[in-house]
Amino acid sequence: MELLTKKQKIVLKAIKDFHFRFGEMPTLRELKEFLAENYNLPFKSLRSVYQYLEKLERKGLIKRGHGPREIKLMNLKKTKFVHIPVYGWVNAGEPSYLPQEAIEGYLKISKSLLPMKNKNLFAIEVVGDSMNLAKVKGKKIEDRDYAVVNPDNREFRNGEIIVANVDGALTVKEFRWIDKDIIGLFPKSTNREHKPIYLTKKDDFLIIGKVVDVFKKNKEIKI
């Protein structure tokens, strides 16, 4: 096999990392965006990315078909898992500082447990007990649990569990409209010390996304 150039190695690694993270191969456009965002390797056109794939195929490292995701890594078994990036932690009580920018690791989750195909899902580690009575898919949100967040869900309904940035800090709460101008972010806890947060459209806040699932961290689950 011929030696790879530095950029060819990066493109090959990006294909592997994308597949590892999302459980499927990237389209040409997704690969271009993935390279720019994660490897600081911007390409001016899709054609440029395509040419690198041609070179990798000639060197026997990948094989391409005719579909948009028909890149095949040689000697790679098809995965039945998705890998959700974990970004730091978020406080379930008072708003905490932003999660670390660097990915701390990945949750390896069966595709059967997360059938949604959203590629922007991420997880955060919840710290605190202010949401220990809240449930997502029948599972409570307890201290040190992993909450899986869908940042693309922008329609929030009363009673849904969301992650919000309030004054530059993150918190996980139950979303409710108080009236047409006021939003309430409510704890759901056995600890009565936790209080709601009330916001108006003029306040400095952003709802990051909806919590769509919860996974326990090294805990015994009583059945």
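How are helices α1 and α3 oriented to each other? In this predicted model, α1 and α3 are roughly perpendicular to each other. Helix α1 covers residues 6-22 and helix α3 covers residues 46-58. Their axes lie 10 Å apart, and the packing angle is about 90 degrees. That angle falls in the range from 65 to 115 degrees, which counts as roughly perpendicular. On the α1 side, the contact is made by K7, Q8, V11, L12 and I15. On the α3 side, Y52, L53, K55 and L56 take part. Sorted by class, the contact of α1 with α3 has 6 nonpolar residues, 1 polar residue and 2 charged residues.

Helix α1 also packs against helix α2, which spans residues 28-39. The axes of α1 and α2 come within 10 Å and cross at roughly 100 degrees. These two helices are therefore roughly perpendicular to each other as well. From α1, the contact draws on I10, V11, K13, A14, I15, D17, F18, R21 and F22. From α2, it draws on E30, L31, F34, L35, N38 and Y39. The contact of α1 with α2 divides into 10 nonpolar, 1 polar and 4 charged residues. V11 and I15 of α1 appear in the contact with α3, and V11 and I15 appear in the contact with α2 too.

The chain as a whole gives the setting for these helices. Its secondary structure comes to 3 helices and 13 strands. The protein chain has 223 residues, and 43% of them count as buried. Contacts between residues at least 6 apart in sequence were also examined. Of these, 61% join residues at least 24 apart. The accessible surface of the chain is about 13600 Å². Carbon and sulfur atoms account for 51% of that surface.

Attention now turns to the strands. Strand β9 runs over residues 161-166, and 6 of its 6 residues are buried. It is therefore largely enclosed by the rest of the structure. In a regular strand the side chains alternate between the two faces of the sheet. Both faces of β9 are covered. I161, V163 and N165 lie on one side, and I162, A164 and V166 lie on the other. One of these residues, V166, has a relative accessibility of 10% and so counts as buried. The cut-off for buried is under 20%. V166 and D203 are 37 residues apart in sequence, yet their C-alpha atoms are 8.4 Å apart in space.

Which strands pair with β9? One partner is β10, residues 169-177, which pairs with β9 in the antiparallel sense over 6 bridges. Within this pair, I162 stands opposite K173 of β10. The hairpin of β9 and β10 has 2 residues between the strands. In this hairpin, D167 takes a positive phi near 55 degrees. Another partner is β13, residues 205-215. β9 and β13 run antiparallel and are joined by 5 bridges. Here N165 has L206 of β13 as its bridge partner.

Strand β8, residues 146-150, is also largely enclosed by the rest of the structure, because 5 of its 5 residues are buried. Y146, V148 and N150 point one way from β8. A147 and V149 point the other way. β8 pairs with strand β5, residues 122-127, in the antiparallel sense over 4 bridges. In this pairing, I124 has A147 of β8 as its bridge partner. β8 and β13 also run antiparallel, joined by 5 bridges. Y146 stands opposite F215 in β13. β13 is thus bridged to β8 and to β9.

Two loop residues have a positive phi although neither is a glycine. K137 sits in the loop between β6 and β7, and its phi is near 55 degrees. Is K137 buried or exposed? With 54% relative accessibility, K137 counts as exposed. R144 lies in the loop between β7 and β8. The phi of R144 is about 75 degrees. R144 is partly exposed, with a relative accessible area of 38%.

Definitions and conventions. Residues numbered from 1 in each chain as written. Predicted model: local features only at pLDDT ≥ 70, side-chain atom pairs only at ≥ 80, totals over all residues. Heavy atoms only, no water. Buried < 20%, exposed > 50% of the residue type's maximum accessible area, 1.4 Å probe, protein only. Pairing = 2+ DSSP bridges. Axes fitted to C-alpha atoms, helices over the stretch in contact; angles between N-to-C directions. Parallel < 35°, antiparallel > 145°, perpendicular 65-115°, else oblique. Contact = heavy atoms within 4.5 Å. Nonpolar A, V, L, I, M, F, W, Y, C, P; charged D, E, K, R; others polar. Areas by Shrake-Rupley, 256 points an atom, 1.4 Å probe, with all protein chains shown as cover.
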